[in-house]
Amino acid sequence: MPIGPARMPLFDHLGELRRRLTIVIVSVIIATVVMYFATPTIVAVLTDPIEPYLSGQDFVVTTSLGGFSIKFGIAIKVAAVMCTPMIVWQILAFFLPALKPNERKWVVPTVLAATALFFIGAVFCYFIIVPAGFEWLISETESIAKVLPELHDYINIEILLMIGFGVAFELPLIVFYLAVFHIVPYSSFRAAWRYIYVIMLAVSASITPDASPVTLIFMYAAMLSLYEISLAVTRFVVVAREGREGLTRSRLSFLTDDDDEEDE
């Protein structure tokens, strides 16, 4: 994908932005059309981990436009997710000319890592969270009423859960870059662990759309594990590059050190 020059007139920048937005919009539209015709297969895949807990009942659609709206909603959401790597690349490519050469080398690994982490989170949710979460939710309903599995409701919750877990799995990348670039020192992350654990609990509760304690516990456990793993990897990288003093270095001192090196 071509990268524009660092210095361009304002209208050339606007033209570059329009070109990249056009690529994104057209790509999502094409992917949506393709996914629309593939929705029967997608629905079969999405409902597979839920069906064992429905006691043999079939999913139902209760409105005349329900079939079309469900298919279109699934198509555009799946298309947006599938186009995420390209969308991220178009955003980064627009700002890429403004980055220094030593900063540009991080762009491709960042896109690859972010994409991999998102899909790992979505797959984890599909195989682990969806069966456990819906088993609990359906059992709660069966204790007070007859279950009438409305397809739109079940699919919508499942897709939101998968997107939520995909976004949550980006946490290691965020922590890694904040610490490696000394925006937030590693020592600060470690010292403030109590507050961070509480914040992650609140975030876990806010991004699980079913309000189920099962999904909340799984989400919180996953985020805690990812956070600790990311800190371990960050510590290894920082110590290998800068020694133990890099663990406490702040962004201000980091910039000062760079300036001193350039003056020399």
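Q: Buried means under 20% relative accessible area, exposed means over 50%, and partly exposed is in between. What percentage of the residues in this protein chain count as buried?

A: The model is a predicted one. In it, 38% of the 264 residues of the protein chain count as buried.

Q: OK. How many helices and how many strands are there?

A: The protein chain has twelve helices and zero strands. Read from the N terminus on, the elements run α-α-α-α-α-α-α-α-α-α-α-α.

Q: Let's start with helix 1. Which residues does it cover?

A: Helix 1 is made of residues 10–37. Leu21 is found in this helix.

Q: Is Leu21 buried, exposed or partly exposed, and why?

A: Leu21 has a relative accessible area of 47%. That value is between 20% and 50%, so Leu21 is partly exposed.

Q: Which residues make a nonpolar surface patch with Leu21?

A: The others in the patch are Leu14, Leu17, Ile25, Ile29, Val33 and Phe37. With Leu21 included, the patch has an area of about 680 Å².

Q: Different topic: salt bridges. How many does a search of the whole structure find?

A: The search finds three salt bridges.

Q: Which residue does Arg19 pair with?

A: Arg19 forms a salt bridge with Glu16, and their closest N and O atoms are 3.0 Å apart. Both residues lie in helix 1, where a spacing of three residues is about one turn of the helix.

Q: And what about Arg20, which residue does its side chain meet?

A: The side chain of Arg20 meets that of Glu16 in a salt bridge, with 2.9 Å from N to O.

Q: How far apart along helix 1 are Arg20 and Glu16?

A: Arg20 and Glu16 are four residues apart in helix 1, so about one helical turn separates them.

Q: Are those residues buried or partly exposed?

A: Arg19 counts as partly exposed, because its relative accessibility is 31%. Glu16 has a relative accessibility of 13%, which is under 20%, so Glu16 counts as buried. Arg20 also counts as buried, because its relative accessibility is 3%.

Q: Which residue does Glu228 form a salt bridge with?

A: Glu228 forms a salt bridge with Arg190, and the closest N and O atoms are 3.1 Å apart. This pair links distant parts of the chain: Glu228 is in helix 11 and Arg190 is in helix 9, residues 186–191, with their positions 38 residues apart in the numbering.

Q: Are Glu228 and Arg190 buried, exposed or partly exposed?

A: Glu228 is partly exposed, with a relative accessible area of 26%. Arg190 is partly exposed as well, at 32%.

Q: Back to shared partners. Which residues are joined into one network?

A: Glu16, Arg19 and Arg20 are joined into one network by salt bridges that share partners.

Q: On to how helices pack. What angle do helix 8 and helix 11 make?

A: Helix 8 covers residues 171–180 and helix 11 covers residues 213–242. They pack at an angle of about 30°, with their axes 9 Å apart.

Q: Are helix 8 and helix 11 roughly parallel or roughly antiparallel, and why?

A: Angles under 35 degrees count as roughly parallel. The two helices pack at about 30°, so helix 8 and helix 11 are roughly parallel to each other. Their crossing is right-handed.

Q: What about helix 10 and helix 11, at what angle do they cross?

A: Helix 10, residues 193–206, crosses helix 11 at roughly 140°, and the axes come within 9 Å. Helix 10 and helix 11 are therefore oblique to each other. Helix 10 passes helix 11 in a right-handed crossing.

Q: Last topic, the loops. Where does Ser55 lie?

A: Ser55 lies in the loop between helix 2 (39–47) and helix 3 (66–82). Ser55 has a positive phi of about 55°, although Ser55 is not a glycine.

Q: Is Ser55 buried or exposed?

A: Ser55 has a relative accessible area of 61%, which is over 50%, so Ser55 is exposed.

Q: And His182, what is its phi?

A: Phi of His182 is near 60°, a positive value in a residue other than glycine. His182 lies in the loop between helix 8 and helix 9.

Q: Is His182 buried or exposed?

A: His182 is buried, because its relative accessible area is 0%.

How values were computed: Residues are numbered from 1 along each chain as its sequence is written. This is a predicted model: local features need pLDDT of at least 70, side-chain atom pairs count only at pLDDT 80 or more; totals for chains, interfaces and linings use all residues. Side-chain values use heavy atoms; hydrogens and water are left out. Patches are made of residues with over 30% relative accessible area and no salt bridge: like charges are joined within 9 Å, nonpolar side chains (Val, Leu, Ile, Met, Phe, Trp, Tyr) within 5 Å. Accessible areas come from the Shrake-Rupley method with a 1.4 Å probe; for residues, only the protein chains shown count as cover. A salt bridge is a side-chain nitrogen of Lys or Arg within 4 Å of a carboxyl oxygen of Asp or Glu. Buried means under 20% relative accessible area, exposed over 50%, partly exposed in between (1.4 Å probe, protein chains only). Axes are lines fitted to C-alpha atoms, for helices over the stretch in contact, and angles run from 0 to 180 degrees between N-to-C directions. Angles under 35 degrees count as roughly parallel, over 145 as roughly antiparallel, 65 to 115 as roughly perpendicular and the rest as oblique. A crossing is left-handed if the near helix is turned anticlockwise from the far one by less than a right angle, and right-handed if clockwise.
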